[in-house]
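This report examines one helix and the charged side-chain pairs of a protein model. The sequence and structure are shown first.

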Amino acid sequence: MTRFLLALVLTATLAGCGFHMRNKLMLPADTAAVKVVSTAPYSELAKLLRRGLQASGAQIADTDSKEPAAQLQVLSERWGDLPIAIDAQGRAQEYSLRYAVIFVFRREDGSDLVPQQVIELSRDYVSPPTDATGTTTEREILADELRREMSASIMRRIDSVVRAELERGRLQPPKPAPASTTPPATVPASPATPPQGL
């Protein structure tokens, strides 16, 4: 029970302190609305990426839209549990949870904006052979954490690749935000004060 509560506190701390883009995502000026697609139906990672892109200022295209759109494609999601410690009876006591994702970011014409990339993440967890229920819960918490971190890592990778291409002059820089057209507030004139003593 203590381990479970500790894991919950750790997850809440991580969610509160990180895995968010500090700045708006840098995308070229000619980037169309972005559609996030995944080979995995109902992918939680795809949902996190849509939210992250939207929060970073990108325009999100509807999944069912037929209009031309740039695509962030999640080509593969793979999970694995690697035993890293065993007990005296040869039973696994500790595992490394591995999460690997392959993705590519394509323009609306099908050319690569960010070429195919692979990101791998891992977290270790203890799995006593006599406590299967607690282990399952801890693994689920770690999996949710890894998905959030993966989403943030993909966003950072896209941002770094695009910024590097912009510095080389291969991409059009983002358009500046339009200036405000609101006229300045006017202060009503005070009525003239008649001279005193006349």
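The following text describes a predicted model, beginning with a helix and then turning to salt bridges.

**Helix α2**

Helix α2 is made up of twelve residues, 44-55. From its first C-alpha to its last it reaches 17 Å, which is close to the 16 Å expected at 1.5 Å a residue. Its buried residues are Leu45, Ala46, Leu48, Leu49, Gly52 and Leu53. Because these residues cover an arc of only 160 degrees around the axis, they lie on the same side of α2. On the other side of the helix, Arg51, Gln54 and Ala55 are exposed.

Both ends of the helix can be described in further detail. At the start of α2, the backbone nitrogen of Leu45 has a side-chain oxygen of Ser43 within 3.3 Å. Just after α2, Gly57 adopts a positive phi of about 105 degrees.

Helix α2 also holds a charged pair, Lys47 and Glu44, whose side chains meet in a salt bridge. The two residues are three apart in the helix, about one turn. Lys47 is partly exposed, with a relative accessible area of 33%, and Glu44 is likewise classed as partly exposed, at 39%.

**Salt bridges**

Side chains of opposite charge can pair when their charged atoms come close. Across the whole structure, a search finds seven salt bridges. Three of the pairs are listed below with their N to O distances.

| Basic residue | Acidic residue | N to O distance |
|---|---|---|
| Lys47 | Glu44 | 3.4 Å |
| Arg106 | Asp112 | 3.2 Å |
| Arg163 | Asp159 | 2.7 Å |

Where do Arg163 and Asp159 lie relative to each other in helix α3? They are four residues apart in this helix, which spans residues 132-167, so about one helical turn separates them. How accessible is each partner, buried or partly exposed? Arg163 is partly exposed, with a relative accessible area of 31%. Asp159, at 12% relative accessibility, counts as buried because this value is under the 20% cut-off.

In the pair formed by Asp112 and Arg106, Asp112 is partly exposed at a relative accessible area of 38%. Arg106 also counts as partly exposed, at 26% relative accessibility.

Beyond these pairs, there is a network of salt bridges that links Arg123, Glu145 and Glu149.

Note on methods
Residues numbered from 1 in each chain as written. Predicted model: local features only at pLDDT ≥ 70, side-chain atom pairs only at ≥ 80, totals over all residues. Heavy atoms only, no water. Expected span 1.5 Å × (residues − 1). Buried < 20%, exposed > 50% of the residue type's maximum accessible area, 1.4 Å probe, protein only. Arc of directions from axis to C-beta. Polar contact = N/O pair within 3.5 Å; in protein donor to acceptor, adjacent residues only side chain to side chain. Salt bridge = Lys/Arg side-chain N within 4 Å of Asp/Glu carboxyl O.
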